[in-house]
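Hi,

Here is the structure I promised to pass on. Have a look at it first, and then read on for what turned up.

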Amino acid sequence: MLRLITDFDGPIMDVSERYYRVYQFCLENIRNPEQSVQELTKAEFWQLKRSRVPEREIGVKSGLDATQAQEFAQLRRKIVHTDTYFKYDRLIPGAVETLVKIQQAGIDLAVMTMRRVRELDYALTKYDLAKFFPENRRYCLENDYVKTSDVEDKPLLMQRAVKELPPVSETWMVGDTEADIAAAKQYNIKMIAVESGIRDRTQLEIYQPDLIVKDLSTAVKLILESQPLEIS
């Protein structure tokens, strides 16, 4: 049997609207009442995010001074993962159909995300995704977990998964960030990075995943084609 461990935001959920709404809110709240700012378009903003331009620099590009840009970055960090904004997340086109395809192929499917339990549960319920991920196939942060950094925290989730999940003939990881790549590499798991998330191809290439493809659908197609005889 094959196993697929997928990240949630990026392969399955599009977070760009949430991040952009938070950007707009922070820019409006940090600028002075009479201050003229240059609000980026969503496309401009998302391109900066995907190429890992720091939040402070995004603030400066939007017309804030250095002190304001620091406040902007702090406010953004405080609210981007709050209940007010999670409602703006959207499913990646074709993601649900791909999850159905994974189930039909008999692949053991797990999700591994830097969301907290309540944040993952919210999305699984809202978009009727719980049927794809039983509770023993959900790897996320506890609600009271104190985060360090994604590249440190995600390998810890992978450590748990490797220890707890039953053995399979082969495991693949699909994700959209350097944290996903780090987690997979640390445990010698084949890694496919997708361009449907918060990192562009240039950023993904730096961390040398096994493959970089457009989205989860393309990744699953490649996995199915790679070992068709091993799928039960």
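Let's start with Tyr19. Setting aside the neighbours within four places in sequence, Tyr19 touches Phe45, Trp46, Lys49, Arg76, Val80, His81 and Ile198. You'll find Tyr19 in helix 1. Is Tyr19 buried or exposed? With a relative accessibility of 11%, Tyr19 counts as buried, the cut-off for that being under 20%. To get a feel for distances, try Tyr19 and Ala184: they sit 165 residues apart in sequence, and their C-alpha atoms are 26 Å apart in space.

Before going further, please keep in mind that this is a predicted model.

Now the whole chain. There are 11 helices and eight strands in it. The radius of gyration comes out at 18 Å, close to the 17 Å that the globule rule gives for 232 residues, so the chain is as compact as a globular protein of that length. If you draw a box around the C-alpha atoms along the principal axes, it measures roughly 65 × 35 × 30 Å. Of the 232 residues, 50% count as buried. Take the contacts between residues at least 6 apart in sequence: 68% of these join residues at least 24 apart.

On the outside, the chain exposes about 11500 Å², and carbon and sulfur atoms supply 50% of that. As for charge, I get 33 positive and 37 negative side chains, with the centres of the two sets lying 1 Å apart.

Helix 8 is worth a look too. How does its length compare with what 15 residues should span? Helix 8 covers residues 150-164, and at 1.5 Å a residue it should span 21 Å; the C-alpha atoms at its ends are 21 Å apart, so the two agree. Its buried residues are Asp153, Lys154, Pro155, Leu157, Met158 and Ala161. A reminder that helps in reading that list: an α-helix has 3.6 residues a turn, so residues three or four places apart point the same way. What covers the buried residues of helix 8? The cover includes strand 1 (2-6), strand 4 (108-116), strand 5 (138-141), strand 6 (170-175) and helix 9 (178-186).

Next, some backbone angles. Most residues other than glycine have a negative phi. Here are two residues with a positive value. Arg52 has a phi near 65°, and its place is in the loop between helix 2 (42-50) and helix 3 (55-61). At 37% relative accessibility, Arg52 counts as partly exposed. Gln208 has a phi near 55°, again positive in a residue other than glycine. Look for Gln208 in the loop between helix 10 (201-206) and strand 8 (211-213). Gln208 counts as exposed because its relative accessibility is 58%, and exposed means over 50%.

A few more places to click on:

- Ala73 is in helix 4 (residues 66-79). Ala73 is buried, with a relative accessible area of 4%. Beyond the neighbours within four places in sequence, Ala73 is in contact with Glu55 and Arg56. The C-alpha atoms of Ala73 and Val174 are separated by 29 Å, and the two residues are 101 apart along the chain.
- Thr41 lies in the loop between helix 1 (16-30) and helix 2. Thr41 is partly exposed, at a relative accessible area of 40%. From Thr41 to Leu204 there are 163 residues in sequence and 24 Å in space, C-alpha to C-alpha.
- Pro134 sits in the loop between helix 7 (117-126) and strand 5. With 39% relative accessibility, Pro134 counts as partly exposed. Pro134 and Met112 are 22 residues apart along the chain, with 12 Å between their C-alpha atoms.

That's what I have so far. Over to you!

Methods. Residues are numbered from 1 along each chain as its sequence is written. This is a predicted model: local features need pLDDT of at least 70, side-chain atom pairs count only at pLDDT 80 or more; totals for chains, interfaces and linings use all residues. Side-chain values use heavy atoms; hydrogens and water are left out. Helices (H or I, at least four residues) and strands (E, at least two) are DSSP runs, numbered from the N terminus. The radius of gyration is taken over C-alpha atoms; the globule rule is 2.2 Å times the number of residues to the power 0.38. Buried means under 20% relative accessible area, exposed over 50%, partly exposed in between (1.4 Å probe, protein chains only). Contact means heavy atoms within 4.5 Å. Accessible areas come from the Shrake-Rupley method with a 1.4 Å probe; for residues, only the protein chains shown count as cover. Lys and Arg count as positive and Asp and Glu as negative; His and the chain ends are not counted. The place of a charge is taken as NZ of Lys, CZ of Arg, CG of Asp or CD of Glu. The expected span of a helix is 1.5 Å times one less than its number of residues.
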